[in-house]
Amino acid sequence: MATTTDTIVSYDSLPYIDTPPTDSELASIAQQTTSELSPSHLTAPHPRLPPLIEATFRPATLQELSRIDSGKPWTGGIDMSRYDPASCASPSALATAYASAAHVEARLANLTLLNEFGRNAWLVHNSQLEALLKGLEEELMELKTECEVVNKERKGGQVDVKPELATLEERWRRGIGRVLEVEAGAEAVRQEILKRRRKGAGGGNS
């Protein structure tokens, strides 16, 4: 398969001893390949792909998605009136203020715990990620090494038989040339025979 990186194109699947394809040949191959595809191959998923998992959203998310889809402006958000000192006289306002204070206190406790234990948890998580990355890099290097070994063996095998293939191709060309020469000679003899037959037939009539 051909891989493209910026302007570098590599055809690793092609034989090493064959002539690289020209741009016109590649265009012809791409056109023939495209002609075999269905018209909906760019939009319809491949039949071997598993079915998509249907997304499930909460009602609030669906409502927001519906608002975005309809193009309506965003409304709502934080109610700033709850922080107005003049509104703290009623019991409901006091309950709201108490809830806000409890929330701030809980956040302060969480931030304190994060400050005390978060650094170690972050370091442990980073260490786990580094170990995972190292394992993936080692696996990638092993696969690259296997690919290089396979490519070297394939290239060596093709290069080893290149002289033999060149000899066989030359013999084939010479054989085809001799066949053409024989056919041309046979055609010349046939024409000569026909010519003499016509000449003999003409002489007999006279």
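Which helix holds Leu-62? In this predicted model, Leu-62 sits in helix α2, which spans residues 59-70. With a relative accessibility of 45%, Leu-62 is classed as partly exposed. Together with Phe-57, Leu-65 and Ile-68, Leu-62 makes up a nonpolar surface patch whose accessible area totals about 390 Å².

Helix α2 also contains a charged pair, Arg-67 and Glu-64, placed three residues apart, or about one turn of the helix. These two residues form a salt bridge in which the closest N and O atoms lie 2.5 Å from each other. Glu-64 is partly exposed, because its relative accessible area is 30%.

In the whole structure, five salt bridges are found, and helix α3 (residues 91-205) offers further examples. There, Arg-190 and Glu-187 are three residues apart, again about one turn of the helix, and their side chains meet in a salt bridge with an N to O distance of 2.8 Å. Both partners are partly exposed: Arg-190 has a relative accessible area of 40%, and Glu-187 has a relative accessibility of 34%.

Arg-196 and Glu-192 are four residues apart in helix α3, so about one helical turn separates them. Their side chains join in a salt bridge at 3.2 Å, N to O. Here the partners fall into separate classes, since Arg-196 is exposed at 60% relative accessibility, while Glu-192 is partly exposed at 35%.

Finally, an unreviewed UniProt entry annotates residues 126-153 as a "coiled-coil region". In the model, this stretch is 100% helix and 0% strand, with its end C-alpha atoms 40 Å apart.

Note on methods. Residues are numbered from 1 along each chain as its sequence is written. This is a predicted model: local features need pLDDT of at least 70, side-chain atom pairs count only at pLDDT 80 or more; totals for chains, interfaces and linings use all residues. Side-chain values use heavy atoms; hydrogens and water are left out. Patches are made of residues with over 30% relative accessible area and no salt bridge: like charges are joined within 9 Å, nonpolar side chains (Val, Leu, Ile, Met, Phe, Trp, Tyr) within 5 Å. Accessible areas come from the Shrake-Rupley method with a 1.4 Å probe; for residues, only the protein chains shown count as cover. A salt bridge is a side-chain nitrogen of Lys or Arg within 4 Å of a carboxyl oxygen of Asp or Glu. Helices (H or I, at least four residues) and strands (E, at least two) are DSSP runs, numbered from the N terminus. Buried means under 20% relative accessible area, exposed over 50%, partly exposed in between (1.4 Å probe, protein chains only). UniProt positions are given in the numbering used here, feature names are shortened, and annotations may be inferred rather than shown by experiment.
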